[in-house]
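Good morning, colleagues. I would like to use this short slot to discuss surface patches and one annotated region. Please look at the sequence and the structure as I bring them up.

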Amino acid sequence: MSEVVLMTLIVEISNGVSKRKVLCLLDSGSQRSYILKSTAEALNLKSTSSENIAHTLFGGATTDARCHKKYSVKLSPLGKGTLFEFDFLEQEVICGNMPRLPKEQILKELKRHKIWISDLGDGCPKIEMLLGSDVYSKVITGGVKQLKGGLTAVNTKLGWTICGEHASSNNENRELSTMLTSSFFVQNLKVSDLWDRTNDTLVIAPKCETKLDSPTKRKILSLTQGIFNPLGFLAPTLLPAKLLVQQAWATKSDLDTPLPTDIQSKYMQWLGYGSPDHWTLHVFCDASLDAYAAVIFLRSDNQGEIILRFVGSKSRVSPLKRLPIPRLELLACLLGARFAKYIVEPLDIPLKALTFWSDSTTVISWIQRNDKWRTFVGNRVKEILSIPESLQWSYIPGKLNPADLASRGCTPQQLLRSRWWEGPAFLKAPPESWPNCEFIADEASVNSELKEEKVLDLTVETEVREWFEKFSNFSKIIRVLCWVLRFVDNTRKKLKPSSEVLDNLEKKETENVLWRMVQRKGFSDKNDSIKKLLVIKDDEGIIRVKTKIVERDDTLDFRFPILLPAKHHLTTCLIRQCHLTNCHAGVQIIAAKLRERYWIIAAKRSIRSVVKNCMVCKRFAAKSLTAPPIHLPLDRIRESAVFEIIGIDLCGPLFIKPKAKAWIVLFTYAVYLVIHLEVVTSLSTEAFIQSLRRFIARRGRPTTIYSDNGTNFTGTHNVW
């Protein structure tokens, strides 16, 4: 019998807060994508809009138009963080149940091709989402792999999926054959497997599930039929299990479908664990100078019947570099928090409470206060608090802490006598009788791990700068203010725009405005710098100095110069402009030029400061570097014949005719200024030797020749 497998896969959908795994069907024959109404309500998805749609079914039948809510759903493949957001319409029912492809038929081939399928196994889960053609075209990648038996693996952005026709038997026949195989299986046991000849005891140890989650018909049946009981010794104990099997079969569910809650609770109680709603996990932490450890116990309280079970323990040896006891206790608490997270996640069951116990008041204070600790303590406290389950910490005296034995160590005989695995005795009593010790932490030990905070008292004074301090050119300041004043006048008087060129009258008025501003801020009533001067105010409100040449027939500015302060930005700009205009003149010339219109207080000092900072003047005033004279070598000063000691070099090239070059060989006498010139048409060694022969024939043979390392010179030296 053959079956057709449709393209299905399991994805994670999110509403921004919580996630949910759902089974999707990829259908390129559907124009739109749909999501179950129950799934949208479970995730509290908010509708973005609605549409009226009539569905056309197989055979041409058309349904009535109905309003469908539209949702924007974020979905991602399992185990990956890539998010995709698509629009889905709400639908009551998408399709019927579709059987899955069994793992045993195709799992090995998928592993060989390195393909991971999310929807694979037994049962017929509900289809909660349908990805139509509007989404199908966006998630398909084009990766296709042909498998045996007519199946095809298709790769999408949401994971691999399988489709095609394959030969398969009926699901019910497959389950039945599995049950028959299990029921006809017989294991040959030896006497030694059941009989402990040392203690003369008969031991029956059923294999129980270590992961107590979601009991199914298969698990209950496997546990019940797996107990070897030929004599009926365990008949009273097995009877509740057989009744559970009977109740489970009455539900008519699949073998791997989780059973109802009441049957699961009875199953847990029969195993001795009680209901998960009454479970509490207790983590004990302790440390010594040599090691630190953590122990976990599971406590079940079902209507006064308390059961305590050992879950696990871990211990670590202390580092070679000795640490203080509080830090070792912190390492023990971190080990306990990590171990609790490792235990709680695989259980996947609701715990009533998770309590951490420690006998270190310093460590509990570190965790509860969560202050700005130093690096060692801060990083470990941060990791402990990042685990949501590690928020409840309690104090326990060291004598009652079961982790004390694990951190100090003992012999096997001491372990048997202590019966350490049975847990502390107070956990077998009601919570009202548990140790509730109020502790007072050692503040000196707690605060020793606080970060040292350095307090910096920083006072920033913002100085308000004048607008003209942005400019260093005096003429530019005049022009800017002149344009501003023209704009203000035109705005107030609503005059027509004047010419685009500033005239001298406007510049003169603007300059007077600037001087009034400077004098208002530079000379107050209590200013001692002008008490020795005879000053007056003219009709325009400008302070002028009354000099001894008032009766002279000259300009007003020369007889009554404008008084300016020494340390002011505008005064500095005025001096700088006068310095540049007069070709970088000196202090005396600039002072004389400025005196024709202005009276600057401490003028020479201000002018000297400006000239000193002038880069052009600095460059021209800088002294050149001089080196002490050196003595001449003996060949330059001794008595010798003409051209007895010579130096040789070449200069050129000279272009004597088109595409022809020549060089001049320069022979210089070392003692006096005497030269001899020869012409060569090549830089080769042969051409230089010929020029040297001509020189010797004319001037005589020299005793000493100086030259550089030219190739023609070194070649001549090697020939000789």
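Let me begin with a term: a residue is called buried under 20% relative accessible area, exposed over 50%, and partly exposed in between. D503 has a relative accessible area of 38%, so D503 counts as partly exposed. Please keep in mind throughout that this is a predicted model.

D503 belongs to a surface patch of negative charge, in which it is joined by D489, E509, D539 and E540. As for its position, D503 sits in the loop that links α15 (474-493) and α16 (504-522).

Next, the opposite charge. Which residues gather in a patch of positive charge on the surface? They are K567, K604, R605 and R608. One of them, R605, is part of helix α20, which comprises residues 603-612. R605 has a relative accessibility of 64% and therefore counts as exposed.

I turn now to a nonpolar patch. F310, L416 and W421 together make a nonpolar patch of about 290 Å² on the surface. Of these residues, F310 lies in strand β16, residues 305-317. With a relative accessible area of 33%, F310 is partly exposed.

Finally, the annotated region. An unreviewed UniProt entry carries the annotation "transmembrane region" for residues 663-689. How much of the span 663-689 is helix, and how much is strand, in the model? The span is 19% helix and 48% strand. Its end C-alpha atoms are 14 Å apart.

Thank you for your attention.

Key. Residues numbered from 1 in each chain as written. Predicted model: local features only at pLDDT ≥ 70, side-chain atom pairs only at ≥ 80, totals over all residues. Heavy atoms only, no water. Patch = residues over 30% accessible without salt bridge, like charges linked within 9 Å, V, L, I, M, F, W, Y side chains within 5 Å. Areas by Shrake-Rupley, 256 points an atom, 1.4 Å probe, with all protein chains shown as cover. Salt bridge = Lys/Arg side-chain N within 4 Å of Asp/Glu carboxyl O. Lys, Arg positive; Asp, Glu negative; His and termini not counted. Charge placed at Lys NZ, Arg CZ, Asp CG, Glu CD. Helix = DSSP H or I, 4+ residues; strand = E, 2+ residues; numbered from the N terminus. Buried < 20%, exposed > 50% of the residue type's maximum accessible area, 1.4 Å probe, protein only. UniProt positions renumbered as here; feature names shortened; annotations may be inferred.
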